[in-house]
Each structure stands twice: as C-alpha cells, then as structure tokens.
Amino acid sequence: MARKNVVILSASLIAVAGIGLAAATFKRSDDKILRVANQKGQVRSMMIASGVLNGAPYTVEWSEFPAAQPLLEAVGGGAADLGLAADAPFIFAYQSGSPVKAIAVQAPANQASDALAILVKAGSPLKIAQDIVGKSVATTRGSIGHHLLLQALERAHIPADKVRVTFLPPGDAKAAFDSGAIDAWATWTPYTNVAIKEGARAVVDAKDYGLPLYIDVANADSIDPKRAMLADFLQREAKAVAWARAHPDQFAQVLAKETGLPLDIARASFDRNNRIAQPIDAKIIAHEQAITARFQKAGLTEGKREVAGAFDSSFGQVN
C-alpha cells in the first residue's frame with residue numbers, strides 16, 4: 001500500500017526460501033517494523049523490482065530523500081533505522097557527531113564514466129580542473145560531489161578556498177546550472193545522466209579518481225534491538241542487487257516508473273550504479289580516513305572521532 005513518502009510492504013511469517021532468517025529469530029523487542037531511508041532510485045526500486053521482500057517476517061517502512069545528507073539526518077536522528085549512503089556523506093555525518101554506524105559496504109562493479117563528475121555546460125570554456133579556479137561550483141555539503149571537488153583540487157595542487165563553492169540540494173543545483181548562475185556542478189547519477197543528455201560535459205570524472213563506496217548506515221541505537229531484522233534486510237538487499245545485475249532492463253523499467261526518469265536514463269543510471277559487496281576491513285577504514293583528512297584540511301570538520309569507531313563489522317560480509 002503506497003502513501004506519500006512512505007511505502008509499507010506487507011509481510012507474512014514465511015521467509016522466502018534461501019533468503020534471510022527464520023521468523024523465530026526475531027525477538028519481541030523487535031517491533032516488526034524496519035524503517036528504511038531511501039535515496040530516490042536506489043535500494044527501494046531494486047527491492048521492489050526483484051520481489052525480495054515478499055515474505056519478509058517484518059514490515060518495511062520507506063522514507064524518500066533526494067540526497068544522502070537529509071537521509072543521514074533521518075538515520076542519525078532516529079527517524080529511520082537504516083539507509084544507504086555513499087562514503088563521503090557517511091563519514092561527514094559521523095565526524096559531525098551523528099550516532100550512525102556502517103554495517104555493510106558495497107563498491108562499484110566497474111569504473112563507469114559520468115557516474116560522478118564535475119559538469120559544465122556545453123559552451124563553457126572550462127576544460128580541466130585547473131580552469132575552475134575562481135569559478136563557482138555547486139554541490140551538496142559533505143556529498144560525494146563535494147569530496148570529488150576536493151580530490152580534484154588536491155590533485156591539481158589548488159587550495160580549496162580558490163574555488164567559490166555554493167552548497168545546494170540537487171534540485172536547486174540543477175536549476176542554477178541550467179540558468180547559468182553557476183559555472184560548474186559537482187554531482188552524481190542520475191543527475192549526471194540527465195545533464196549530459198541535455199548537453200553538459202565533464203571536466204572532472206570520478207572514474208579517474210576511484211568511484212565512491214556505498215555504505216549501509218544504521219542508527220547506532222537500532223543495531224541491538226533490531227539486529228535480526230537488519231541482518232535479514234542486508235541479505236535481501238544483496239539478493240536485489242544481484243537480481244538487478246542479471247536483469248538490468250527489467251530493473252530499468254521499474255526504476256523509470258518509480259523515479260519518473262526516461263527509460264534510457266534509468267538504464268544508464270543502473271550501469272553507473274551497479275555494486276558488489278565488500279568486507280569491512282582495514283582498507284575500507286583507511287579509505288574513510290583519507291576522506292576525513294580532506295574534509296578536515298578544507299576546514300569542514302575537526303575530524304576528532306576515531307574512524308574505526310564508525311564501523312560495526314559484526315554483520316559480516318553480505319553476499
């Protein structure tokens with residue numbers, strides 16, 4: 001049954017064969033409701049398209065967000081138990097004091113072009129990262145776009161304060177980009193897909209820097225009382241990602257319907273957002289430490305929280 005911003009999927013007490021945990025493992029303290037925050041066009045679309053939530057021994061309540069920042073605010077504030085976000089906004093929220101924990105990690109299946117980029121309009125004279133010195137760049141504060149901008153400036157030996165950064169949510173950033181109010185836009189799929197189709201081009205492409213990781217982020221206070229549900233959901237999410245990889249055209253049709261994106265854009269969004277599970281290990285923690293250091297160097301966070309404390313590896317690698 002669909003409602004505005006919330007979708008409740010009915011559940012039975014019979015688990016889908018081969019997926020997740022038996023209903024008997026769910027304790028009374030688990031209220032049989034898992035609140036999942038979703039960035040539009042990500043986890044929810046995959047799980048609906050694949051049908052992996054059919055038979056789940058709990059109810060999933062979805063809330064929709066346009067970007068990782070408000071999603072993480074919902075998870076950190078206790079309005080949601082779980083949500084998927086990229087590496088930079090996750091660690092930015094954690095270093096800002098949010099009570100969030102990474103419980104699973106996914107990496108891009110390939111280094112796809114234009115999945116994350118700094119874009120300019122077709123007629124712009126800007127060609128390379130050095131050209132954005134003194135220019136205005138829109139992005140969302142603490143986002144993967146923001147982090148890519150810092151990476152590009154770092155690689156080009158340009159101080160972060162040499163660029164005028166305007167922090168805007170994606171919808172407002174697109175409007176500013178379309179109107180010419182900004183010189184460049186650091187953003188991600190599906191926004192990159194739409195803008196490039198409309199004539200934009202990338203002056204910096206994240207495939208040259210290493211695309212971001214994606215992290216299942218839980219509210220720290222939800223982990224113990226909802227552990228069984230969280231573990232089961234992660235297994236079902238992994239099944240959904242595998243299903244989408246095997247059925248990209250079918251998934252694109254559902255994604256187009258869910259988001260209102262044209263079918264070709266929806267298909268390209270999946271190609272640029274295909275993910276595989278990764279273990280939470282020293283390499284992952286070092287990756288987040290490097291992001292913290294960039295935000296810290298730019299004066300955006302003090303970076304005082306131990307990065308290793310942002311991770312809970314007790315759920316194991318989800319496959």
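In the predicted model examined here, helix α3 is followed by G97, a residue whose phi is positive, near 100°. The helix that precedes this glycine spans residues 87–95, and because nine of its nine residues are buried, α3 is largely enclosed by the rest of the structure. The residues concerned are D87, A88, P89, F90, I91, F92, A93, Y94 and Q95. The surroundings of α3 are made up of both helices and strands: its buried residues pack against the helices α2 (68–76), α4 (144–155) and α10 (282–297), and also against the strands β5 (82–86), β6 (100–108) and β12 (214–219).

Helix α1, which covers residues 43–50, can be described in similar terms, since seven of its eight residues are buried and the helix is therefore largely enclosed by the rest of the structure. The buried residues of α1 are V43, R44, S45, M46, M47, A49 and S50. Just after α1 comes G51, which takes a positive phi of about 75°.

One of the strands against which the buried residues of α3 pack is β5, and G83 is found in this strand. G83 counts as buried because its relative accessibility is 1%, a value that falls under the 20% limit used for buried residues. Although G83 and V36 are 47 residues apart along the chain, their C-alpha atoms are separated by 5.6 Å. When its neighbours within four places in sequence are left aside, G83 is in contact with A37, L71 and V75, and likewise with I215, D216 and V217.

Turning to the protein as a whole, the secondary structure comes to 10 helices and 13 strands. Of the 319 residues of the protein, 53% count as buried. Among the contacts in the protein with a separation of 6 or more, 84% are accounted for by residues that lie 24 or more positions apart. The accessible surface comes to about 13500 Å², and carbon and sulfur atoms contribute 52% of this area.

The aromatic side chains were considered next, and the count of aromatic pairs comes to six. In one of these pairs, F177 and W185 are arranged in a tilted manner, with 5.7 Å from centre to centre and 45° between the planes. Both partners are buried: F177 has a relative accessible area of 3%, and W185 has a relative accessibility of 2%. W185 also forms a tilted pair with Y191, in which the ring centres are 6.3 Å apart and the planes make an angle of 50°. Y191, by contrast with the buried W185, counts as partly exposed because its relative accessibility is 22%, and the range for partly exposed residues lies between 20% and 50%. Together with W188, the three residues F177, W185 and Y191 form one aromatic cluster.

Empty space within the model was examined in the form of cavities and pockets. The structure holds two cavities of 30 Å³ or more, and about 70 Å³ of space lies in the second largest cavity. The lining of the second largest cavity consists of Q39, Q42, A68, A86, P89, S143, I144, W188 and Y214. Several of these lining residues can be placed in relation to the features described above, for W188 belongs to the aromatic cluster and P89 is one of the buried residues of α3. By class, the lining of this second largest cavity has six nonpolar and three polar residues, while no charged residues take part.

The largest pocket has a volume of about 320 Å³. Its lining is formed by 18 residues, of which K40, G41, P190, T259 and L261 lie nearest the centre of the pocket. Three helices, α6 (191–197), α8 (248–259) and α9 (263–271), each supply at least two residues of this lining, and the largest share, amounting to three residues, comes from α8. When the lining of the largest pocket is divided by class, 10 residues are nonpolar, seven are polar and one is charged.

Methods:
Residues numbered from 1 in each chain as written. Predicted model: local features only at pLDDT ≥ 70, side-chain atom pairs only at ≥ 80, totals over all residues. Heavy atoms only, no water. 1 Å grid on protein atoms, 1.4 Å probe; cavity = no way out; pocket = protein on both sides within 12 Å on 5 of 7 lines; lining within 4 Å. Points joined across faces, edges and corners; volume = space filled by probe spheres on them. Helix = DSSP H or I, 4+ residues; strand = E, 2+ residues; numbered from the N terminus. Nonpolar A, V, L, I, M, F, W, Y, C, P; charged D, E, K, R; others polar. Buried < 20%, exposed > 50% of the residue type's maximum accessible area, 1.4 Å probe, protein only. Contact = heavy atoms within 4.5 Å. Areas by Shrake-Rupley, 256 points an atom, 1.4 Å probe, with all protein chains shown as cover. Phe/Tyr/Trp six-rings, centres within 6.5 Å; stacked < 30°, edge-to-face > 60°.
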